[in-house]
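Here is a short briefing on the structure shown below. The points are grouped by topic.

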Number of protein chains: 2
Amino acid sequence: MSTDLCQCRIVHEQQVEKARRAALPPAELDRLSQFFKAFADPTRLKILQALHLEEMCVCDLAAFLGVSESAVSHQLRLLRQMALVTNRREGPVLYYRLADAHVSQLILLALDHIRE
Amino acid sequence: MSTDLCQCRIVHEQQVEKARRAALPPAELDRLSQFFKAFADPTRLKILQALHLEEMCVCDLAAFLGVSESAVSHQLRLLRQMALVTNRREGPVLYYRLADAHVSQLILLALDHIRE
DNA sequence: TTAGTATATGAGCAGTTGTGCAGATGATAC
DNA sequence: GTATCATCTGCACAACTGCTCATATACTAA
């Protein structure tokens with residue numbers, strides 16, 4: 001039988017306190033996890049990697065990814081809300097591009113890790 | 001009426017081809033998104049940030065996070081499988097710590113971004 | 001205006017994820 | 001051996017995600 005609540009007598013109070021003091025504010029933590037979530041899906045990752053090369057329209061991205069334009073549009077909205085991409089209108093066509101250099105940096109750093 | 005399939009005549013073939021050539025292999029793409037997924041949850045992010053300071057046992061982490069030890073253990077398994085944390089046994093207690101420096105780097109880079 | 005094209009959006013649904021519970025495992029002390 | 005403590009694991013379930021479909025919006029041309 002176990003309640004799964006912490007009944008340990010060996011909780012290291014100082015370490016827990018230290019962690020508490022260094023912890024990021026909850027709002028920032030949520031934004032941070034939301035930010036990483038943007039990279040945590042193969043489709044979005046492909047979009048970001050493709051846009052690293054040059055701007056592309058929704059249609060191009062759909063063809064590249066092999067999914068519906070609707071699906072791409074949904075993902076682009078999410079990336080827009082996270083300020084990871086911006087767009088530029090040329091007539092009826094919207095061209096998307098990366099919003100800043102952090103994106104590529106982050107992907108490269110992560111690649112370093114998984115390639116060991 | 002729309003089928004949601006790409007019927008555009010304005011697909012830029014060269015750009016799509018260019019993106020295709022530069023695309024990461026599917027296996028690597030999956031590993032990469034899995035890797036980012038590890039950071040895409042507030043609980044795991046808090047764990048990683050806490051372990052950045054110093055090693056902690058499951059009990060400590062549960063107290064710090066305010067969740068059950070079971071939940072922490074589940075998340076630690078995931079982080080272990082992603083090679084983001086390792087542990088060290090001291091009697092019945094397991095002390096967890098970050099596996100390498102990439103983790104902190106990545107979090108700092110992401111913080112740079114969301115703080116603009 | 002109307003028709004046609006490119007993109008956006010809302011609803012609904014299958015698949016995934018994070019958590020708690022109950023029980024199992026591993027280590028230590030007796 | 002038994003008892004106890006720290007941690008792990010399988011299961012169930014609510015919450016979330018990413019997709020498709022249908023529809024709406026925005027722009028262009030006639």
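Helix α4 (residues 58-65) of chain A is mostly covered, with seven of its eight residues buried. The model is predicted. The briefing starts from this helix, then turns to the sheets, the contact between the chains and some backbone details.

**Helix α4 in chain A**

- The buried residues of α4(A) are Cys59(A), Asp60(A), Leu61(A), Ala62(A), Ala63(A), Phe64(A) and Leu65(A).
- These buried residues pack against α3, β1 and α5 (69-81) of chain A, together with α1 of chain B.
- Gly66(A) comes just after α4(A) and has a positive phi of about 75°.

**Helix α4 in chain B**

- In α4(B), seven of the eight residues are buried, so the helix is largely enclosed by the rest of the structure.
- Cys59(B), Asp60(B), Leu61(B), Ala62(B), Ala63(B), Phe64(B) and Leu65(B) are the buried residues of α4(B).
- The cover over them includes α1 (13-22) of chain A, along with α3, β1 and α5 of chain B.
- Gly66(B) follows just after α4(B), with a positive phi of about 75°.

**Sheet of chain A**

- Chain A has an open sheet of three strands in the order β1-β3-β2, with antiparallel pairing.
- β1 (56-57) and β2 (85-90) of chain A are the edge strands, and each pairs on one side only.
- β1(A) is joined to strand β3 (residues 93-98) of chain A by two bridges, and the two strands run antiparallel.
- Met56(A) has Tyr96(A) in β3(A) as its bridge partner.
- Helix α3 (residues 42-53) of chain A packs on the sheet and touches β1, β2 and β3 of chain A. The direction of α3 makes about 90° with that of β3(A).

**Strand pairing in chain B**

- Strand β1 (residues 56-57) of chain B runs antiparallel to strand β3 (residues 93-98) of chain B, and two bridges join them.
- Met56(B) has Tyr96(B) in β3(B) as its bridge partner.
- Strand β2 (residues 85-90) of chain B pairs with β3(B) over six bridges, in the antiparallel sense.
- Across this pairing, Arg89(B) stands opposite Leu94(B) in β3(B).
- β2(B) and β3(B) form a hairpin with two residues between them. In its turn, Gly91(B) has a positive phi of about 65°.

**How the two chains are related**

- A turn of 180° and a shift of 0.0 Å along the axis lay chain B on chain A with an RMSD of 0.1 Å.
- The two copies are thus related as by a two-fold rotation axis.
- The copies meet through the same surface, because 100% of the interface residues of chain B are also interface residues in chain A.

**The contact between the chains**

- Chain B gives 52 residues to the contact, and chain A gives 52 residues.
- On the side of chain B that touches chain A, at least two residues each come from α1 (13-22), α2 (26-39), α3 (42-53), α4 (58-65), α5 (69-81) and α6 (102-114) of chain B.
- By class, that side of chain B has 31 nonpolar, nine polar and twelve charged residues.

**Helix α6 against helix α6**

- The axes of helix α6 (residues 102-114) of chain A and α6(B) come within 10 Å and cross at roughly 170°.
- At that angle, α6(A) is roughly antiparallel to α6(B).
- From α6(A), the contact is made by His102(A), Gln105(A), Leu106(A), Leu109(A), Ala110(A), Asp112(A) and His113(A).
- From α6(B), it is made by His102(B), Gln105(B), Leu106(B), Leu109(B), Ala110(B), Asp112(B) and His113(B).
- By class, this helix pair contact has six nonpolar, six polar and two charged residues.

**Positive phi outside glycine**

- Most residues other than glycine have a negative phi.
- Ala83(B) is a residue other than glycine with a positive phi, near 60°.
- Ala83(B) lies in the loop between α5 and β2 of chain B. It has 15 C-beta neighbours inside 10 Å, so it counts as partly exposed.
- Glu116(B), also a residue other than glycine, has a positive phi near 65°.
- Glu116(B) is in the segment after α6 of chain B. It counts as exposed because it has 6 C-beta neighbours inside 10 Å.

Conventions:
Residues numbered from 1 in each chain as written. Chains lettered and ligands numbered in written order. Predicted model: local features only at pLDDT ≥ 70, side-chain atom pairs only at ≥ 80, totals over all residues. Least-squares fit on C-alpha atoms with pLDDT ≥ 70 in both. Contact = placed C-beta atoms within 7 Å. Helix = DSSP H or I, 4+ residues; strand = E, 2+ residues; numbered from the N terminus. Nonpolar A, V, L, I, M, F, W, Y, C, P; charged D, E, K, R; others polar. Pairing = 2+ DSSP bridges. Axes fitted to C-alpha atoms, helices over the stretch in contact; angles between N-to-C directions. Parallel < 35°, antiparallel > 145°, perpendicular 65-115°, else oblique. Buried ≥ 20, exposed ≤ 12 C-beta atoms within 10 Å, placed from the backbone.
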